[in-house]
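The following note gathers comments on strand pairing, helix packing and aromatic contacts. The points are numbered for ease of reply.

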Amino acid sequence: MNDKDSVYLAHFLFPDCAMNENVMEQLRTATAAERMCRLRYSEGEHVQDVCLQVHKDRILLISNQKVGAISFEQIEPAAVEQTCLQLFNIIEPLELGYPLVPALMMSKHKYEELKESSVSSSLHSLSQSLFAETGEYEHSAQLARVMKYYCTEGELRLCSRSGSGWKVHYAAFIGDFSCGWLLRMNYSAAEDWMIAFPLNKSQLCNTFTEWVRQPTSIL
C-alpha cells in the first residue's frame, strides 16, 4: 500500500482519530487485506468500535476501544457468524425476511438537519418534513418514528481493494424496538444524497456476515 492509499484509508476509516501508532499499525496490516471495515454500533450499554480485516488466509478483528498496545484477534471461519452476532448484540438469530418496500431518497444534509432537530420536533412535524423530502408518506412516517425514538445506531465504513486502489462505501444504521433503517450516504463532500432502506439489526447482521465471508458488497 503506497502512502497515498494509506492517507486515503486513514481519513475514511478514522476521521475522528489522530494518526497515532494504533492507526498506523492497522494500516500497515491492511497492506495485504482484500477488504476491511470499521464498524461502530451502540445499543444501550452495548458499545462496539472495531475494525475487521479480511485477508486471503485469515480474518482479523481489532478493537478501537482498548487503551494501550493494539491487539489483533484472529477469527476462525467457523466463528464468523457468532462473532458478528456478538458485535450486534444478538443472542439468537431471528428469522430473516426482507420486506419489499420502496427505498427513500433525500438530501443527506437535510436528513442530518432533521435528525438533529428530532428531539424538539413533534412526530407529526418530523413526518411531514420527511414526506416533503421523499415524496412517500407511509414509510417517511416510519422513518420519522425511528429517528425520534431510536435505541440503536451505528455506522459502517467499508473498503474493498480494486485494481486502481480502494473503493469505499459509507452507511449508517438507526433502529428502535420494532424496526431499523440502513442509510446509504455519499462520502464525497461534493455530493449530497442519502438512500434509506428498512432493515432490522438481525438483517443487518446477516448481510454483514455474508460480506465478511464473500467478496460481495454489503450495499
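1. M105 has I195 as its bridge partner in β9. The model under review is predicted, and in it strand β5 (residues 104–106) pairs with β9 in the antiparallel sense over three bridges.

2. Strand β8 (residues 180–185) also pairs with β9, in the antiparallel sense and over five bridges. Here W181 is matched with P198, its bridge partner in β9.

3. Which side chains of β9 (residues 194–198) are buried? The side chains alternate along the strand: M194, A196 and P198 are buried and point to one face, whereas I195 and F197 point to the other and are not buried. Thus I195, the partner of M105, belongs to the face that is not buried, while P198, the partner of W181, belongs to the buried one.

4. Helix α1 (residues 3–13) has D5, S6, L9, A10, F12 and L13 as buried residues. Viewed down the axis of α1, these fall within an arc of 170°, so they line one face of the helix. D3, K4 and H11 are exposed on the other side of α1.

5. The cover over the buried residues of α1 includes α2 (21–29), β1 (35–43), β6 (152–162) and β7 (165–175). One of those buried residues, F12, has the charged end of R157 over its ring, 5.7 Å from the centre.

6. The structure contains six aromatic pairs. One of them joins F131 and Y137 in an edge-to-face arrangement, with 5.6 Å centre to centre and 85° between the planes. F131 is partly exposed, at 33% relative accessibility, and Y137 is likewise partly exposed, at 40%.

7. Why does the pair of F208 and W211 count as stacked? Planes under 30 degrees apart meet the criterion; the planes of F208 and W211 are at 20°, with ring centres 5.9 Å apart, so this pair is stacked. F208 and W211 are three residues apart in helix α7 (residues 201–213), and therefore about one helical turn separates them. In general, an α-helix has 3.6 residues a turn, so residues three or four places apart point the same way.

8. Both rings of this stacked pair belong to buried residues: F208 has 1% relative accessibility and W211 has 5%. Ring pairs link F208 and W211 with Y41, F88 and F173 into a cluster. In addition, R35 lies over the face of W211, at 5.6 Å from the ring centre.

Methods
Residues are numbered from 1 along each chain as its sequence is written. This is a predicted model: local features need pLDDT of at least 70, side-chain atom pairs count only at pLDDT 80 or more; totals for chains, interfaces and linings use all residues. Side-chain values use heavy atoms; hydrogens and water are left out. Rings of Phe, Tyr and Trp (its six-membered ring) pair if their centres lie within 6.5 Å; planes under 30 degrees apart count as stacked, over 60 as edge-to-face and the rest as tilted. Buried means under 20% relative accessible area, exposed over 50%, partly exposed in between (1.4 Å probe, protein chains only). Helices (H or I, at least four residues) and strands (E, at least two) are DSSP runs, numbered from the N terminus. A charge sits over a ring if NZ of Lys or CZ of Arg is within 6 Å of the ring centre and within 35 degrees of the ring normal. The arc is that of the directions from the helix axis to the C-beta atoms. Contact means heavy atoms within 4.5 Å. Two strands pair if DSSP finds at least two bridges between them.
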